[in-house]
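Let's take a walk through this fold, from how its helices pack down to a few backbone oddities. Have the viewer open and follow along.

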Amino acid sequence: GPANGFTLDVIDCLERFGEIIDWAMVILNPMEPWPGQLVLPAARRHGVRVIARVVDYGGLFWDDVRPGHAFAESDHRLFRPDGWIEAGRAKLDRMRPIAERHGLTTLQLACAWDLAQPPVACVAPTLISEPSSAKTIEDKRAELAAVPEEIVLSAEEVEELRAIGDNTGSMALKGASPQFDGPAQADRWPLDGELAE
């Protein structure tokens, strides 16, 4: 993040080498379902388990990042676009009733959403002690450890959360991309014939 992806490259790796790959890691959460969800069918097809990272969406699902949040000068979240916290909090408020219905915190809801999607088998939110929060790292670890082991969300709830957080096309993707034109760069390159196929 914040421009995530390598989506086509991950799919290509799964298609070519899936029989020797056990795990793949993608950015995936209810506010960033795209492009990570595009990888899931190829992972399922090849029996590759997925680790979903950045499940917390820059800390918003921990519910301790709010408008006016003071980020440290070197904090990676400063690269996100202006207004991301306000827009994210508005979406989070629309997601809260589903969390409350299941007795989940918003972070647990995000984890449950990821884990409801085969082949996601592991979630890895970012653990940051926010300077303005009373929630400690230990509190966050306990909250994460209390994520239900069983699938608690219905298919309809999974889709409702995806629709609320839909971010399709919201960023330029890293890696091979049909939108990229020009000489290859360190994190972007044009499609070759194999990837285009």
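Helix axes here are lines fitted to C-alpha atoms over the stretch in contact, and angles between N-to-C directions run from 0 to 180 degrees. Helices (H or I, at least four residues) and strands (E, at least two) are DSSP runs, numbered from the N terminus. Before using any of that, two bits of bookkeeping. This is a predicted model, so local features need pLDDT of at least 70 and side-chain atom pairs count only at pLDDT 80 or more, while totals for chains, interfaces and linings use all residues. Residues are numbered from 1 along each chain as its sequence is written, and side-chain values use heavy atoms, with hydrogens and water left out.

Now pick out H3 and H6. Their axes come within 9 Å and cross at roughly 165 degrees. The two helices are therefore roughly antiparallel to each other, a label that applies to angles over 145 degrees. On the H3 side, the contact (heavy atoms within 4.5 Å) is made by Lys91, Arg94, Met95, Ile98 and Arg101. H6 brings Glu157, Glu160, Leu161, Ile164 and Gly165. Sorted by class, that gives 4 nonpolar, 1 polar and 5 charged residues. For the classes, Ala, Val, Leu, Ile, Met, Phe, Trp, Tyr, Cys and Pro count as nonpolar, Asp, Glu, Lys and Arg as charged, and the others, Gly among them, as polar.

Next, the inside. A nonpolar core is a set of buried Ala, Val, Leu, Ile, Met, Phe, Trp, Tyr and Cys residues joined through side-chain atoms within 4.5 Å. Buried means under 20% relative accessible area, exposed over 50%, and partly exposed in between, with a 1.4 Å probe and protein chains only. The largest such core has 41 residues, and Leu14, Leu28, Phe61, Met95, Leu109, Leu153 and Leu161 touch the most other members. Elements giving two or more residues to this core include H1 (7-17), H3 (84-101), H4 (106-115) and H6 (155-165).

Stay with Leu14 for a moment. Leaving aside neighbours within four places in sequence, Leu14 is in contact with Ile21, Val39, Ala42, Ala43, His46 and Val48. Leu14 is one of the buried residues of H1, alongside Thr7, Asp9, Val10 and Asp12. What covers them includes H2, S4 (175-176), S5 (188-189) and H7 (193-196).

Time for the backbone. Most residues other than glycine have a negative phi, and most peptide bonds are trans. Where does this model go the other way? Try the bond from Trp34 to Pro35, which is cis with omega near 0 degrees; Pro35 sits in the loop between S1 and H2. Pro118 to Pro119 is cis too, with omega near 10 degrees, and Pro119 lies in the loop between H4 and S3.

For positive phi, look at the loop between S2 and H3, home to Val54 and Tyr57. Phi is near 55 degrees at Val54 and near 50 degrees at Tyr57. Val54 is buried, with a relative accessible area of 12%, and Tyr57 is buried at 11%.

One last loop residue: is Asn167 buried or exposed? Asn167 is buried, at 8% relative accessible area, in the loop between H6 and S4. Not counting residues up to four places away in sequence, Asn167 touches Met31, Glu32, Pro33 and Trp34. That brings us back to Trp34, whose bond to Pro35 is cis.

Key:
Angles under 35 degrees count as roughly parallel, over 145 as roughly antiparallel, 65 to 115 as roughly perpendicular and the rest as oblique.
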